[in-house]
Each structure stands twice: as C-alpha cells, then as structure tokens.
Amino acid sequence: MQIPPLSPGWQALLSEEAGKPYFDELAAFLRAERAEKRIFPPEGDVFNALSLTPLEEAKVLLLGQDPYHDEGQAHGLCFSVRPPTRPPPSLKNIFRELRDDLGLEVPEGHGELSAWARQGVLLLNTVLTVAAHEPASHKKRGWETFTDAVIAGVNASEKAVVFCLWGGHAQKKAKLVDQSRHVVIEGAHPSPLSMKKFMGSRPFSKINSALIAKGRTPVDWSLRSVD
C-alpha cells in the first residue's frame, strides 16, 4: 500500500507512520483482502480525504467511522458518494439538516462532498477501507492508529480548527484535541438510528460561527445539483 503524493504537511507527518511496523502489517492485510474480496473504496481513492484537503489548509475535521460498504458508494471521503449513486440514509439526513439549519437546497442527483473538502473540511473516516457488504470488517487492523496520527497532526496546527464529532465513536477522539486552542462540536450521528437527536442540532451554523470567532473563513456548505 503506497501513500500517494500529498501536501508537504501530510508528507512530513505520514512518512513516519508509513515506516512503522503496524503500517506494514496493515498493508499486508489489505493485500490479502484485495486478493480474495472486493474492497471499498478502490485503492486509488483510499487517501482522497488527505489529497483533497492539505494539512496546511484544514479548518474543519468532520469524522466518520468506516466507509460505505455497498457498490459504487465509498470514494475516500466520509459520508460522501459520487454521482450517480444515490445518497445513503445518513447522508440524506445530513442534507435535510443542512436545509433546516442554513436554508440550503438539498442537491439533486448526487451526494458528493468534494466541494467541502476543497474548502478545508477534512472528511476523515477512522477506518479507511472495508470489505464489500461487511461493515466494520477492517476495524482494529491498524487504520485507527494511522488516523489518530492524522487527528494529532491537525491538532498540532497553529491555526484553530473545528472538530465536528457525531456519535459516540467519533466523540471518543475528543481526547486527542487541545480544546484550549481548537473547538470541538459534538452531536448525535446522522444515521437513521439517531436521526431524531441529530435533526435540529444545527452543526453547520455552529461550525461557521466557531470559525468566524477564531478568525477563519466560514465554509460555503452549498452543493450544486447535477442532472
């Protein structure tokens, strides 16, 4: 498993991680899995969150768990799917809350969040791969150590970052964040199991308010519809 060329900040941070024994073991595990199973996202998309959001430009970290596990869904950004794939239930709830919170129209025809990533929203999962139709199948294989290093790298940023942690799994990572310098916004997960608590939580306006308070540019959360 090769980490693609990334921004200087990511390269400096993750070249050290890639040389550690756990990463070699993770890479060997993934080679064996890909030889026998369909693995998501495709190999070239695994590190898309880091590719689209340079460490130097990260101002929001939105944390997911593991990638979507059905065909045509995962492409390396948490909660995001490329067209023509229909948004899964969690993403539909995110879009509904986006509409209710900021009055933005729900995009028609896609659920891709790359526009957010390019503005400095790091759309990170704690586990970066999954076997087809087997949720959490790559849990505790080494990805958590790698993504904890990513979170620690963002935490070390000189500029303030807003960490958005939805659900108990993500909220456990709050201990990695220096809240004297950064902002942590916690809330319910947008999954159908907890959507009643998620709806009305207004995370997007809270994130932008926190960014403005820290002297950073707010995120344009609007997403274009596609035909």
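This briefing covers one helix and two pockets. The model is predicted. Helix H2 spans residues 21-36, and its buried residues line one face. The largest pocket has a volume of about 430 Å³, and the second largest has about 160 Å³.

**Helix H2**
- H2 has 16 residues. From first C-alpha to last it reaches 23 Å, close to the 22 Å expected at 1.5 Å a residue.
- Tyr-22, Phe-23, Leu-26, Ala-27, Phe-29, Leu-30 and Glu-33 are buried in H2.
- Viewed down the axis of H2, those buried residues fall within an arc of 165°, so they line one face of the helix.
- An α-helix has 3.6 residues a turn, so residues three or four places apart point the same way.
- Pro-21, Glu-25, Arg-31, Ala-35 and Glu-36 are exposed on the other side of H2.
- The cover over the buried residues of H2 includes two helices, H1 (8-18) and H6 (143-155). It also includes strands S1 (39-40) and S4 (130-131).

**Largest pocket**
- Its lining holds 27 residues. Closest to the pocket centre are Asp-66, Pro-67, Tyr-68, Ser-90 and His-189.
- The lining residues divide into 14 nonpolar, 11 polar and two charged.

**Second largest pocket**
- The residues that line this pocket are Pro-87, Lys-92, Phe-95, Arg-96, Arg-99, Val-106, Pro-107, Glu-108, Gly-109 and His-110.
- Here the lining divides into four nonpolar, two polar and four charged residues.

Notes
Residues are numbered from 1 along each chain as its sequence is written. This is a predicted model: local features need pLDDT of at least 70, side-chain atom pairs count only at pLDDT 80 or more; totals for chains, interfaces and linings use all residues. Side-chain values use heavy atoms; hydrogens and water are left out. Helices (H or I, at least four residues) and strands (E, at least two) are DSSP runs, numbered from the N terminus. The expected span of a helix is 1.5 Å times one less than its number of residues. Buried means under 20% relative accessible area, exposed over 50%, partly exposed in between (1.4 Å probe, protein chains only). The arc is that of the directions from the helix axis to the C-beta atoms. Contact means heavy atoms within 4.5 Å. On a 1 Å grid over the protein atoms alone, a cavity is a set of points where a 1.4 Å probe fits but cannot get out, and a pocket is an open set with protein on both sides within 12 Å along at least five of seven lines; lining residues have an atom within 4 Å of a point. Grid points are joined across faces, edges and corners, and a volume is the space filled by probe spheres set on the points. Ala, Val, Leu, Ile, Met, Phe, Trp, Tyr, Cys and Pro count as nonpolar, Asp, Glu, Lys and Arg as charged, and the others, Gly among them, as polar.
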